[in-house]
Amino acid sequence: MRKDDPMDLLGEIAARIGEAFGAHLRLAPYYLASFAAIAWLLWRLRGRPGRFLGWLLPRQIYLHRSHMVDIQVFLLGRLVAATGLFARITFTAGATLLTLALLVSATGGTYDPPPVSPWRMALVTVLMVAVIDFCGYWVHRLHHETAVLWPFHALHHSAEVMTPVTFYRKHPVYDLLMTLAASLFVGTAQGAMLFLLVGQIDMLTIGGANAAAVLYTAAIANFNHSHIWVSYGRRLNHVFMSPAQHQIHHSCAVEHHDRNYGNVFAVWDWMFGTLYVPERPETLRFGLADRAGRPIPQPHPDLRSAMLRPFAESWAVLRGRRAAPRPEPETPARRKAPGTRAAG
């Protein structure tokens, strides 16, 4: 069979699409089964409030128009992933080798790799997870605090209901910037850890980090974007980011604005003054809101607006026509003529 055979091309396309929808996704069947099993335990512990399936999959949430847009953005994102675009721009290995080379050069070229031991491998695993999470904290926070970037992240926050699919309600530009930042941060950190701790990143170390990710996804991740309140309690909520805290991050309420940027760890928010720890379960309203907490009409009612509107809004920032990620509340004195944009 020739290399330019159409069947070869179709097979490659099918393989890429299959990989894009592969086992790593939070929506993989076993992750969803784990989510349902843990939810069933919570349902029982909370006194069986109604029928389980109705409690787990409320029609008003899973048939909501916002959830339909979540699904469309998810499918488009998987098709983008199938192109291999983000894989091509990843330079983690290059950053690792460059960092290691610079550190070796700083020692005069006489580098004796440290011995590998179980405790060193465990330490490297923890550090790798922490570096990835720390990187995610700052990329996330910068999207909230930088007017030109906010429109691309506002798509995620415009979700009016929360389901596990909402995790994938992300603009490709946001994913692109996260990939670039992760490549730089993780690659540099790996180079430093190679030099200082283990001398080599072996499969056991990588496997340990992957195992931690699998356990987190199976046990917790899908509750972050859901209607089910799960809190770890006041003390642990200062160390680990609970699903309740991430749901609060999506809230319209003023006291919740720009809080809880972390993914796995809450310590970054604690360190940098952006942590919000709930004292008790709170009733939350999701979606975009102005600085007074007043809901903003849905700016992404369909896939087309979800993909194109962020570019228009970001361009407006660059041209000086918009000033802040979150608009000020509209008052009679500030109200503009129909068809114009409010500041922000």
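**Helix crossing, cores and rings**

Student: Why are H5 and H14 described as roughly perpendicular to each other?

Tutor: In this predicted model, the axes of helix H5 (residues 65–82) and helix H14 (residues 303–318) cross at roughly 65°, and since angles of 65 to 115 degrees count as roughly perpendicular, the pair is therefore given that name. The two axes come within 9 Å, and Gln72, Val73 and Leu76 in H5 meet Leu303, Ala306 and Met307 in H14.

Student: What makes Arg26 a charge over the face of Phe167?

Tutor: The distance cut-off is 6 Å from the ring centre, with a further limit of 35 degrees from the ring normal; Arg26 lies over the face of Phe167 at 3.7 Å from the ring centre, and Lys170 likewise lies over the face of Phe167, at 3.9 Å, so both distances are within 6 Å.

Student: Which residues make up the largest nonpolar core, and which helix gives the most to this core?

Tutor: The core consists of Phe35, Ala39, Leu42, Trp43, Phe52, Trp55, Leu56, Phe223, Ile228 and Val230, 10 residues in all. Helix H2 (29–45) and helix H3 (52–56) each supply at least two of its residues, while H2 gives the most, with 4 residues. Apart from this core lies another, of 9 residues, among them Ala130, Tyr216, Ala221 and Trp268.

Student: What links Phe134, Tyr137, Trp138, Phe240, Tyr261, Phe265, Trp268 and Phe272 into a cluster?

Tutor: Ring pairs link these residues, and rings count as a pair if their centres lie within 6.5 Å; a search of the whole structure finds 15 aromatic pairs.

Definitions and conventions: Residues are numbered from 1 along each chain as its sequence is written. This is a predicted model: local features need pLDDT of at least 70, side-chain atom pairs count only at pLDDT 80 or more; totals for chains, interfaces and linings use all residues. Side-chain values use heavy atoms; hydrogens and water are left out. Rings of Phe, Tyr and Trp (its six-membered ring) pair if their centres lie within 6.5 Å; planes under 30 degrees apart count as stacked, over 60 as edge-to-face and the rest as tilted. A nonpolar core is a set of buried Ala, Val, Leu, Ile, Met, Phe, Trp, Tyr and Cys residues joined through side-chain atoms within 4.5 Å. Buried means under 20% relative accessible area, exposed over 50%, partly exposed in between (1.4 Å probe, protein chains only). Axes are lines fitted to C-alpha atoms, for helices over the stretch in contact, and angles run from 0 to 180 degrees between N-to-C directions. Angles under 35 degrees count as roughly parallel, over 145 as roughly antiparallel, 65 to 115 as roughly perpendicular and the rest as oblique. Contact means heavy atoms within 4.5 Å.
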